[in-house]
Amino acid sequence: MFFHQEEEAFQFPCPVRETAVLTAGDIEELLSLIQSGDEEDHNNTTSPSSGSQGSSREIYSNDERKRRRMQSNRESARRSRWRKKRHLEDLNNQVNRFSIENQQLKNQLGLAVHQIRLVCSENERLRTESVALMARLSDLYLILGSMH
């Protein structure tokens, strides 16, 4: 069956001479190659618990899965460390930005407090001047009232 499927599916790249004759040795060699191919295919498809080849394949498969899982875990840990490092750098940058902004706000507050003090001082001077002017005005009213 295997041989017939191969024979039907195989296309010769160049024309085959019909006069070629296979010897008995050639036929036996071809059959042995086909049979050894069938045995290899059969051994590769057996269940893992059916023989030593199957169990070594299962161990290899488990080892391979374990190796891949370890590699995947390493990559995941590497990405996690990279994200953590990036996050820490972002936080440090944010701290630096906030420190600069905080210093600017302190400077603005200091300037505003200074301006408030100047305004309060000017306001106090103007109040004092206003009281003095009111007193003078009152005196002038008294003088004017006494003249009439």
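## A salt bridge to start from

Arg 67 and Glu 64 are joined by a salt bridge, with their closest N and O atoms 2.7 Å apart. Why are the two a helical turn apart? They sit 3 residues apart in helix α3, so about one turn of the helix separates them. Keep in mind as you look around that this is a predicted model.

The two partners differ in how much of them is left uncovered. Arg 67 has a relative accessible area of 46%, so it counts as partly exposed. Glu 64 has a relative accessible area of 16%, and because the cut-off for buried is under 20%, Glu 64 is classed as buried.

## Glu 64 and its second partner

Glu 64 also reaches Arg 68: their side chains meet in a salt bridge with an N to O distance of 3.0 Å. Here the spacing is 4 residues within helix α3, which means that Glu 64 and Arg 68 are again about one helical turn apart. Is Arg 68 buried or exposed? Its relative accessibility is 56%, and since exposed begins over 50%, Arg 68 counts as exposed.

## Another pair on the same helix

Further along, the side chains of Glu 89 and Arg 86 meet in a salt bridge of 3.0 Å, taken from N to O. Both residues belong to helix α3 and lie 3 residues apart, about one turn of the helix. Glu 89, at 31% relative accessibility, is partly exposed, and Arg 86 is partly exposed as well, with a relative accessible area of 37%.

Turning back to the earlier group, salt bridges with shared partners link Glu 64, Arg 67 and Arg 68 into one network. How many salt bridges does the count come to? The count comes to 7, and the pairs described here are among them.

## A nonpolar patch

If you are interested in surface character, have a look at the nonpolar patch of about 770 Å². Which residues make this patch? It is built from Met 134, Leu 137, Leu 140, Tyr 141, Ile 143, Leu 144 and Met 147.

One of these residues, Ile 143, is placed in helix α3, which covers residues 52-147. Ile 143 has a relative accessibility of 45%, so it counts as partly exposed. That value also lets Ile 143 qualify for the patch, because patch residues need over 30% relative accessible area.

## The chain as a whole

Now for the wider view. The chain holds 3 helices and 0 strands, and its pattern along the sequence reads α-α-α. Of the 148 residues in the chain, 2% are buried; Glu 64 is one of the buried residues. The chain exposes about 14,100 Å², and carbon and sulfur atoms supply 57% of that area.

## How confident is the prediction?

The mean pLDDT of the chain is 79, with 68% of the residues reaching 70 or more. Where is confidence lowest, and where is it highest? Helix α1 (residues 2-9) has the lowest confidence, at a mean of 45, while α3 has the highest, at 92. The salt-bridge pair Glu 89 and Arg 86 lies in helix α3, as does Ile 143 of the nonpolar patch.

Two stretches call for a closer look. Over residues 1-18 the pLDDT is below 50, and this stretch has 3 contacts in the model beyond near neighbours in sequence. Residues 45-52 also stay under 50 in pLDDT, and for them the model has 4 contacts beyond four places in sequence.

Conventions. Residues are numbered from 1 along each chain as its sequence is written. This is a predicted model: local features need pLDDT of at least 70, side-chain atom pairs count only at pLDDT 80 or more; totals for chains, interfaces and linings use all residues. Side-chain values use heavy atoms; hydrogens and water are left out. Patches are made of residues with over 30% relative accessible area and no salt bridge: like charges are joined within 9 Å, nonpolar side chains (Val, Leu, Ile, Met, Phe, Trp, Tyr) within 5 Å. Accessible areas come from the Shrake-Rupley method with a 1.4 Å probe; for residues, only the protein chains shown count as cover. A salt bridge is a side-chain nitrogen of Lys or Arg within 4 Å of a carboxyl oxygen of Asp or Glu. Buried means under 20% relative accessible area, exposed over 50%, partly exposed in between (1.4 Å probe, protein chains only). pLDDT is the predictor's confidence in each residue, from 0 to 100. Contact means heavy atoms within 4.5 Å.
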